[in-house]
Amino acid sequence: MFFAYALQGAMIVVVAMLAWMWYGAVTGGAALYGGLAALANIGLLIWRWRRGRYDYHCEGGRHLRQFQRSSMERFFVVGIVLAVGMVGLRLDPLPMLLGFIVGQAAWIIAAATLKTD
């Protein structure tokens, strides 16, 4: 799981560097910021996964509540980070969202390819 996380980070850096070379520093920074939002999302997912390995329970209702809480935490963290980027930092939304999408797609591909537990 951590190797897939590292691959995701590397892919984000590569895309940000390409955007910086082709379109300039502002666009590269926006793509990097969007990728960092994707890294935060997956970082929370990995953190919850690691906690769940040691706080094991078989109660279905409790498990469902923890799943819902984790998904809502990730949703709000990503929403707040992207909103701060667009409104607070005034980053260009298109490269920022592209960096986020590339980061999420890199995680999906890396996790599926490596078949980590």
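Reader: Which residues in α1 meet which residues in α2?
Author: This is a predicted model, in which local features need pLDDT of at least 70 and side-chain atom pairs count only at pLDDT 80 or more, while totals for chains, interfaces and linings use all residues. Residues are numbered from 1 along each chain as its sequence is written, and side-chain values use heavy atoms, with hydrogens and water left out. Helices are DSSP runs of H or I with at least four residues, numbered from the N terminus, and contact means heavy atoms within 4.5 Å. On the α2 side are Ala25, Thr27, Gly28, Ala31, Leu32, Gly35, Ala38, Leu39, Ile42, Gly43, Ile46 and Arg50, and they are met from α1 by Phe2, Tyr5, Gln8, Gly9, Ile12, Ala16, Ala19, Trp20 and Tyr23.

Reader: How are α1 and α2 directed relative to each other?
Author: Their axes, lines fitted to C-alpha atoms over the stretch in contact, with angles from 0 to 180 degrees between N-to-C directions, lie 7 Å apart at an angle of about 170°. Angles under 35 degrees count as roughly parallel, 65 to 115 as roughly perpendicular, over 145 as roughly antiparallel and the rest as oblique. The two helices, α1 and α2, are therefore roughly antiparallel.

Reader: Is phenylalanine 75 buried or exposed?
Author: Buried means under 20% relative accessible area, exposed over 50% and partly exposed in between, using a 1.4 Å probe and protein chains only. Because phenylalanine 75 has 57% relative accessibility, it counts as exposed.

Reader: How much relative accessible area does phenylalanine 76 have?
Author: Phenylalanine 76 falls in the class called partly exposed. The value for phenylalanine 76 is 47%.
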